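Subject: Structure handover

Hi,

Here is the structure I promised to pass on to you. Have a look at it first, and then read on for what I found.

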Amino acid sequence: MMRKKGVPVLVGALLSLGVTVAHAGSLISPPGSFSKSTVIAGAKLFADHCSACHAVSNLRYNRLAIDLGMSKAEIKKDIMLPSGANYLNGMKPAMSQAEAKKWFGIPPPNLSHIVRAEGEPWVYTYLTSFYWDPTRPSGWNNRVFPEVAMPNVLASWGGIYTKSGKQLKAGSESPAAYHRQVAAIVAFLRYASDPSIFAREALGPYVLGALVLLSLVSYLLKKAYWKDIDDRRDAEGHINTSAMPKNKTKPDDT
Ligand code: HEC
């Protein structure tokens, strides 16, 4: 995760391996279930708190309307917040990449595939693992992404903590509400990584229905074919071939 220039590649690889191993057991899965309403809530929260900096370029605003069943007016009011956003284009950040690079030293990445790349538990844990670190330029550090350039944009909801977990300031939300909201943002990013998920789920029952219908037709057909044969079985189940219809095309039958 760390992209530090000047660090030898091998050392970097070993370090990141160490970080991965050290935190592999401590990733937390987002609470709650994945549903369209969670994704809609997450999309609105994302627009409010994340799209100042991050693009989700593979999601066009009009696609959100189709996939999530939102109206164009709702999309325009709640999701298309950055000025210059176009309904037919991908979700854009409010801040220009050049401006962001000046502020954070690194442009905020496009989050289109973040859940596919890192998994939901990593993204959820990352968002809830910021801690106050006065030695950092932004004042923030992160337990699963050390020396991260992103500030803790959710601090006002979730509160401010030290690395050891001591609370410095309470958040405006209860811990349960805060975690539900972060989970909704992660649900939205999961959908962004796999935008056909709802269309596929809607198609599922029809595909199963078609298979059941096909099985039924095949069964009736099998029954019709075997009826002729079964009618000719004697008490022991042997088939009386002499009673079978003759094949008129064979020369020795004529
Ligand atoms: C003020 C700008 C800003 C805001 C707002 C912001 N981020 Fe970030 N984010 C960044 C920067 C800069 C990075 C790159 C950090 C680095 O590489 O050190 C980043 C990195 C990330 C990453 C890691 C990406 C990767 O490829 O490893 C995730 C995930 C992420 N942000 C999610 C979010 C979410 C979700 C929100 C909204 C709750 C959000 N960010 C709000 C600036 C921002």
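Let me start with a caution about the N terminus: over residues 1–24 pLDDT stays under 50, and the model has nine contacts beyond four places in sequence for this stretch. As you will gather from that, this is a predicted model. For the chain as a whole, the mean pLDDT is 87, with 85% of residues reaching 70 or more.

Now the overall layout. The chain contains 10 helices and six strands. Of its 254 residues, 24% are buried. If you take the contacts between residues at least 6 apart in sequence, 63% of them join residues at least 24 apart.

Next, the core. The largest nonpolar core has 38 residues, and A43, V123, I185, V186, F188 and L189 are those with the most contacts inside it. At least two residues of this core come from each of α2, β1 (56–60), α3, α6 (114–118), α7 and α9. Helix α9 gives the largest share, 10 residues. As a general background, nonpolar side chains in soluble globular proteins tend to be buried together.

Two helices are worth following through this part of the model. Helix α2 spans residues 36–49, which is 14 residues, and its first and last C-alpha atoms are 20 Å apart, close to the 20 Å expected at 1.5 Å a residue. Its buried residues are T38, V39, I40, G42, A43, F46 and A47. Which helices do the buried residues of α2 pack against? They pack against α3 (61–68), α4 (72–78) and α9 (175–193). For a view at the level of single residues, try F188: leaving aside residues up to four places away in sequence, F188 touches V39, G42, A43 and F46.

The other helix is α7, which is mostly covered, with seven of its eight residues buried. Those seven are E120, W122, V123, Y124, T125, Y126 and L127. Among the elements that cover them are α6, β4 and α9.

Helix α7 (residues 120–127) also matters for the ligand site, where this helix supplies the largest share of the shell, three residues. In total, 22 residues surround the ligand, and the closest are C50, C53, P108, A149 and M150. Sorted by class, the shell has 20 nonpolar residues, two polar ones and no charged ones.

Finally, two single residues that you may like to inspect. E147 sits in the loop between β4 (140–142) and α8 (155–158). This residue has a positive phi of about 60 degrees, although it is not a glycine. Most residues other than glycine have a negative phi. Is E147 buried, partly exposed or exposed? E147 counts as partly exposed because it has 14 C-beta neighbours inside 10 Å.

The second is A117, which lies in helix α6. A117 has 12 C-beta neighbours inside 10 Å, so it counts as exposed. The C-alpha atom of A117 is separated by 8.8 Å from that of S193, although the two residues are 76 apart along the chain.

When you open the model, you could begin with F188 and its contacts to V39, G42, A43 and F46, and then turn to the ligand and its closest residues, C50, C53, P108, A149 and M150.

Best wishes

How values were computed:
Residues are numbered from 1 along each chain as its sequence is written. This is a predicted model: local features need pLDDT of at least 70, side-chain atom pairs count only at pLDDT 80 or more; totals for chains, interfaces and linings use all residues. Helices (H or I, at least four residues) and strands (E, at least two) are DSSP runs, numbered from the N terminus. The expected span of a helix is 1.5 Å times one less than its number of residues. A residue is buried if 20 or more other C-beta atoms lie within 10 Å of its own, exposed if 12 or fewer, and partly exposed in between; C-beta atoms are placed from the backbone. Two residues are in contact if their C-beta atoms, placed from the backbone, lie within 7 Å. A residue is near a molecule or strand if its C-beta atom, placed from the backbone, lies within 6 Å of it. Ala, Val, Leu, Ile, Met, Phe, Trp, Tyr, Cys and Pro count as nonpolar, Asp, Glu, Lys and Arg as charged, and the others, Gly among them, as polar. A nonpolar core is a set of buried Ala, Val, Leu, Ile, Met, Phe, Trp, Tyr and Cys residues joined through C-beta atoms within 7 Å. pLDDT is the predictor's confidence in each residue, from 0 to 100.
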